[in-house]
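Here is a short, friendly tour of a two-chain model, written for someone who likes cut-offs spelled out. Please have a look at the sequence and the structure first.

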Amino acid sequence: MQEIAWTITLVLMLVIIATFVFVVLNSGQVAEYEPVKKRFYSVRTGLFWVLAVGFVVVMLSSYQGMPYAAQHRSENPIGTQVIDVEGFQWYWKLSSNEVKANQPVVFNVTSGDANHGFAIYDESLTLLAQTQAMPGYINKLEYVFKEPGTYKILCLEYCGMAHHSMVSAIEVVAE
Amino acid sequence: MSSSISVIHPNLSAGARKTLLTYLAISAVVFLLMMVFGASMRYEQSEWLGMGPQYFYQIMTAHGIGMIGIVGLAASAVMWFFLSRHVQLSTPILVANLVFFLIGVVLILGAIFIGGFAAAWTFLYPLPAMGKGVWGNHAAASYLVGLLLIGVGFLLLYLDTARGIMKKYGNLGKALGWPQLFFNSQDEAPPSAVIASTMVLIVNIAGIAAGAVVLVLSLVNLYMPSYELDPLLVKNLIYFFGHVFINAAIYQAVIAVYEILPLYTNRPWKPTKVFILSWTLSTLMVMSVYPHHLLMDFAMPKWALIMGQIISYMSGFPVLVVTAIGALTLIYRSGIKWDVTSRLLILSMLGWACGVIPAIVDGTISVNNVMHNTLWVPGHFHIYLLLGLLPMLFGFMYYLVQSNGNKVGAVDDVAFWFYLVGGMGFVTMFLLSGKESIPRRWAAHLSEWVPYDRIASVFATLVVIGALVFAYRFLTRLSRINIATS
């Protein structure tokens with residue numbers, strides 16, 4: 001996901017930069033304003049429709065990837081592993097530090113004091129999923145670990161002096 | 001080439017002139033100081049400084065709130081300068097805002113650097129009351145009261161703006177150009193400065209009111225812990241206030257682009273129906289998009305989060321389709337006069353347009369799930385602010401400095417390129433670090449992340465050098481600024 005986001009961002013930003021460079025390089029010669037306006041406004045209309053269609057397509061296609069399913073169902077499916085998570089300044093308290101691979105895990109995440117951010121990282125330090133840990137609320141994060149191994153839990157919401165040290169681990173074992 | 005650019009204000013009193021220049025002089029100094037703070041955070045993450053987490057988080061808090069406050073101040077000066085050409089505004093209120101601002105700044109600086117307060121600019125409940133011995137309740141209260149006073153000053157300013165606009169145009173709808181947009185009125189639409197200022201006062205009065213509510217609630221909780229707040233409600237209010245205020249700063253500063261760029265291209269940039277529509281839509285979207293800051297708060301109503309994504313996407317339209325294209329239309333084959341002012345203003349358009357892309361990407365819920373609170377986030381807003389907003393503000397300062405025949409040297413041109421290259425590299429490293437999942441707001445980084453920090457630090461240094469020249473030039477030329485009356 002990060003690669004896709006990065007590539008799309010880079011390409012689109014480069015298109016914008018290239019457009020600006022093109023216009024700046026063509027800013028010296030003086031031309032009548034009205035024909036320029038007409039030309040650019042027709043580009044504007046085209047751009048509007050390209051963006052509108054693009055946004056609708058992305059919006060619809062991204063709907064499936066939303067991480068809110070566990071939050072809004074009354075019961076977890078049979079076989080779901082459930083782990084209660086509570087954040088404190090500056091440690092994580094998990095009801096279990098071990099889960100099985102390839103079976104859904106639902107993390108019931110809350111906080112015992114300030115706001116924290118519960119984030120799961122793999123062994124190569126890639127962020128896999130996250131939710132906020134907020135006092136008085138339970139955020140339910142569902143994730144399926146594909147590979148056995150040791151995964152890191154990092155805090156992603158600033159919570160005071162040792163925020164960056166608020167690290168824990170989850171052991172994912174084979175089925 | 002710049003000698004033909006005239007700086008005209010037909011009715012700027014000596015008091016207003018002095019106050020506006022004081023706004024901008026303070027802004028130039030604070031921009032620089034806050035940039036040094038920002039760069040020092042990257043140096044610390046690069047393992048070059050060794051300041052430790054306590055100073056890091058204090059500086060992080062000061063950098064965040066300092067930048068938000070000072071761009072608000074500088075942008076309000078831009079708005080006031082251009083709006084007061086069309087509408088009578090109160091100079092005493094302009095002075096009062098500055099006084100409130102300075103008192104607030106003293107309280108905030110005291111909270112942070114004497115009281116040790118370091119709950120980030122966001123002061124998310126209940127962190128201000130949980131300093132764990134690093135800061136106490138009085139320090140937190142000093143921060144909250146300081147922010148409240150700054151809010152009071154700005155509220156007075158925007159209420160006065162509303163008074164002045166309504167006195168001339170009758171109501172806010174007319175000032176937004178609605179008769180031309182909805183009723184086909186053949187009367188000339190209000191100037192862009194009036195339309196933009198009207199949008200800003202609407203959103204900022206709402207935003208500041210929400211901020212004031214949450215500040216007072218947090219203050220009560222500090223000294224009466226039994227009076228508990230709803231953390232999710234507080235977070236909603238804080239992000240509504242924060243999002244609106246920082247966006248309103250851009251919408252005020254862009255008035256400089258609308259007003260100054262036509263002078264350089266000899267082409268008019270008059271409000272069209274599309275322009276008016278985009279400002280009306282922006283008024284609504286700036287106030288309703290803030291849930292995109294809460295996409296990882298799963299307890300939020302799902303419709304609000306989806307709305308956050310949709311409006312994030314829609315917010316890109318006015319910037320990309322109207323303002324950026326409008327600026328490019330103005331420039332293309334115009335014979336534009338090139339100097340530091342025009343370069344900075346065009347850079348600002350580029351920065352604002354580019355910032356839309358990573359913002360929209362991060363506003364996509366499934367992406368946010370792996371990007372939220374990584375360095376991607378400061379990446380996207382530094383594109384808006386470092387490459388969009390600040391070039392508008394520095395551009396306005398150079399417009400005044402180069403007023404009516406005054407010239408600057410080659411060092412300013414070099415500074416521009418330092419700023420441009422440094423800024424682009426700096427924000428790209430943020431985005432790249434976000435792609436690598438590096439968290440934001442971490443005082444110490446894992447060894448795998450340090451190389452990214454070091455490259456970013458080099459770029460940050462270039463930005464600071466560029467900004468140092470900009471600030472120096474403005475401060476040393478203050479007395480020579482020449483604003484003609486006709």
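The report below goes from chain B to chain A and then to the contact between them.

This is a predicted model, in which local features need pLDDT of at least 70, side-chain atom pairs count only at pLDDT 80 or more, and totals for chains, interfaces and linings use all residues. Residues are numbered from 1 along each chain as its sequence is written, while chains are lettered from A and ligands numbered from 1 in the order in which they are written.

**Chain B**

Chain B holds 15 helices and zero strands; helices (H or I, at least four residues) and strands (E, at least two) are DSSP runs, numbered from the N terminus. Its C-alpha trace spans about 60 × 50 × 45 Å along the principal axes. The radius of gyration of chain B is 22 Å, which agrees with the value near 23 Å for a compact globule of 486 residues; the radius is taken over C-alpha atoms, and the globule rule is 2.2 Å times the number of residues to the power 0.38.

Of the 486 residues in chain B, 62% are buried, where buried stands for 20 or more other C-beta atoms within 10 Å of the residue's own, with C-beta atoms placed from the backbone. Among contacts with a separation of 6 or more in chain B, 83% join residues 24 or more positions apart; a contact needs C-beta atoms, placed from the backbone, within 7 Å.

B:Ala467 sits in helix H15 (residues 450-476) of chain B. B:Ala467 counts as buried because it has 24 C-beta neighbours inside 10 Å. Leaving aside neighbours within four places in sequence, B:Ala467 touches B:Phe31, B:Leu32, B:Met35 and B:Tyr419.

**Chain A**

The domain assignment, which is automatic or from a database, gives chain A domain 1 (2-65) and domain 2 (70-173). Their C-alpha centres lie 39 Å apart.

Two strand pairings of chain A are tabulated here; strands pair if DSSP finds at least two bridges between them.

| Strands | Sense | Bridges |
|---|---|---|
| E1(A) and E4(A) | parallel | seven bridges |
| E4(A) and E7(A) | antiparallel | six bridges |

A:Val85 has A:Val109 in E4(A) as its bridge partner, and A:Phe107 has A:Leu141 in E7(A).

**Where the chains meet**

How many residues does each chain bring to the contact? Chain A gives 68 residues and chain B 59 residues. On the side of chain A that touches chain B, the elements supplying at least two residues each include helix H1 (2-25), helix H2 (33-62) and strand E5 (116-121).

Methods
A residue is buried if 20 or more other C-beta atoms lie within 10 Å of its own, exposed if 12 or fewer, and partly exposed in between; C-beta atoms are placed from the backbone. Two residues are in contact if their C-beta atoms, placed from the backbone, lie within 7 Å.
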